[in-house]
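Here is an informal walk through a few local features of one model. Have the coordinates open and follow along.

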Amino acid sequence: MTPHPAIHLSDRIAELLADPNRAPDRWTSRPQWRQSLATGAPGIALLHAERAAAGRGPWEPVRAWLAVAAGAPITSGLGSHLYYGAPALTHVLGCAEQARPGSYQRALDHLGQTVATHAIRRCEAALTRLDRGDLPALAEFDTIRGLAGTGSVLLHRAPRGEAIRTVLTCLVRLTDDVKHNGRTLPGWWTATGPSGTPGEGFPGGHANNGLAHGIAGPLALLGLALCQGVEVDGQRQAIGTIVAWLERWRDGDAWPYWITRARLDGTARTPLPPQRPSWCYGTAGLARAQQLAALALGDQHLRYRAESALATALANPNALAATTDLSACHGYAGLAHIAHRAAADALPRNATHLNSAAALLLDTAHPPRTDPDKQAHLLLATAGPGFLEGAAGTALALLAPATGTSPATRWDTCLLTS
């Protein structure tokens, strides 16, 4: 197919982020700059690794940005997670290795073992918590900071290893109901609000549905692992439990971001207002996670409903009006990428609708006759260079849908969309 003009915006962002020596102090002076996949150097390295593997860019920016990311001691253990420290660097180096096999094998072997060891320790702590009957923190199990995110690294790097099986077993246990203060709650119910802080308008805590911070992250990992033939006892049942929960709270073709105690008890169930269909919390992430679960289980009904929900949400003008940026996390580029990924796995009729949605989202991200140079400079000035909410992630998310191809690396495993 002829590339969509949005590819020129992606290319221009990459050109502006080619040289670490030109990065302004307002970026590099931040404490997490070197090791943060979300906001720092690793996310920019990931952009250039994908471009090099796809034949759209040179290798030198990959090497240069990886040198920045690895230019100080790498955080491991409690301070690390998919978006920071050893797991983040393992993910990015793994994608660079796909672009140039053999370049980073020794570092990957070392980092991979570090990540696996820490994942097993985190699972031991989680299982001890489960045995006590305490409620979890979001950071125990979610994609950004928890076991679902670390599991995505392990599934990519060592799918037959002990660590990924331990993580999956732990997430299966997470789906068991718990008794707390005399009330039966889903095992992923947290005592805090979405920010992890007690109170803040969430008396009694909440159950988070999102792909970034909620139960959709474990659902996506459990489904992806099963699709790859990695299965532990109870995995299919755990997938079914999460799917049933999401079906219970489905409101048309959308889902609430979270369930409060009042909503769970039936004292506060109002129709959902228009909300952005984003990766992090909205229908895009939730529908993709359920599509992956359906593919894993061979459930055609669930597959159709998930794909239809995504296509409907991406054609809903009220939902799209709530989307206000281009980011991978919750913007138009991220939605285009998810639509493109989902279309490749969709039933034929749904694939047609999703491909049409992806094209319209690209038009919105980069309207006809827009100057890509001005747009790229403005994006860097306003959103910064980061992966999740900034320019590097926007450029990455635009690549595959704009060129009509599949990613050359598995860069989006850090989103649990593949």
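Let's begin with L135, which is buried at a relative accessible area of 15%. Keep in mind throughout that this is a predicted model. L135 sits in the loop between α6 (105–132) and α7. Leaving out residues up to four places away in sequence, L135 touches R129, V178, H180, L185, W189, T190 and A191. For a sense of scale, the C-alpha atoms of L135 and R276 are separated by 29 Å, with the two positions 141 residues apart along the chain.

Step on from that loop and you get to helix α7, residues 138–141, where F141 lies. E140 has its place in α7 too. Are these two buried or exposed? F141 is buried, with a relative accessible area of 1%, and E140 also counts as buried, at 15% relative accessibility.

Their contact lists are worth clicking through. Not counting residues up to four places away in sequence, F141 touches P136, G146, L147, A148, L171, L174, W188, T190, H213, G214, I215 and P218. With that same exclusion, E140 touches R122, A126, R129, G146, L147 and L174. So which names turn up for F141 and again for E140? G146, L147 and L174 are on both lists. R129 also connects back to the loop, as it is touched by E140 and by L135. T190 is likewise touched by F141 and by L135. As for distance, the C-alpha atoms of F141 and C123 are 9.5 Å apart, and the two residues are 18 apart along the chain.

Next, two helix pairs. Helix α13 (residues 283–297) and helix α14 (residues 300–313) pack at an angle of about 160°. That makes α13 roughly antiparallel to α14, because angles over 145 degrees count that way. The crossing of α13 and α14 is left-handed. On the α13 side the contact has T283, A284, A287, Q290, Q291, A293, A294 and L295, and these meet L302, R303, A306, E307, A309, L310 and A313 in α14. By class, that contact holds ten nonpolar, three polar and two charged residues.

The other pair is helix α5 (residues 86–99) with helix α8 (residues 147–157), packed at an angle of about 30°. This crossing of α5 and α8 is left-handed as well. Here P87, T90, H91, G94 and Q98 in α5 meet V153, H156 and R157 in α8. The contact of α5 with α8 divides into two nonpolar, five polar and one charged residue.

Here are the two packings together:

| Helix pair | Angle | Axis separation |
|---|---|---|
| α13 and α14 | about 160° | 8 Å |
| α5 and α8 | about 30° | 10 Å |

On to the cysteines. How many disulfides does a search of the whole structure find? The search finds zero. Take C95: the closest cysteine sulfur, in C414, is 7.4 Å from its own sulfur, which is too far for a bond. C95 counts as buried, at 0% relative accessibility. C329 is in no disulfide either, and the nearest cysteine sulfur, that of C280, is 3.6 Å away. The cut-off for a disulfide is 2.5 Å between the sulfur atoms. C329 is buried, with a relative accessible area of 7%.

A328 is found in the loop between α15 (317–321) and α16 (332–344). At 3% relative accessibility, A328 counts as buried. Among residues more than four places away in sequence, A328 touches W279, G334, F387, L388, G393, T394 and A397. A328 and A391 are 63 residues apart in sequence, and their C-alpha atoms are 8.9 Å apart in space.

Last, a couple of backbone oddities. Most residues other than glycine have a negative phi. N181 has a positive phi, near 50°, and is not a glycine. L416 is not a glycine either, yet its phi is positive at about 55°. Where do they sit, and are they buried or exposed? N181 lies in the loop between β1 (178–180) and β2 (183–185), and N181 counts as exposed at 73% relative accessibility. L416 has its place in the segment after α19 (391–403), and L416 counts as buried at 1% relative accessibility.

Conventions:
Residues numbered from 1 in each chain as written. Predicted model: local features only at pLDDT ≥ 70, side-chain atom pairs only at ≥ 80, totals over all residues. Heavy atoms only, no water. Axes fitted to C-alpha atoms, helices over the stretch in contact; angles between N-to-C directions. Helix = DSSP H or I, 4+ residues; strand = E, 2+ residues; numbered from the N terminus. Parallel < 35°, antiparallel > 145°, perpendicular 65-115°, else oblique. Left-handed = near helix turned anticlockwise from the far one by under 90°. Contact = heavy atoms within 4.5 Å. Nonpolar A, V, L, I, M, F, W, Y, C, P; charged D, E, K, R; others polar. Buried < 20%, exposed > 50% of the residue type's maximum accessible area, 1.4 Å probe, protein only.
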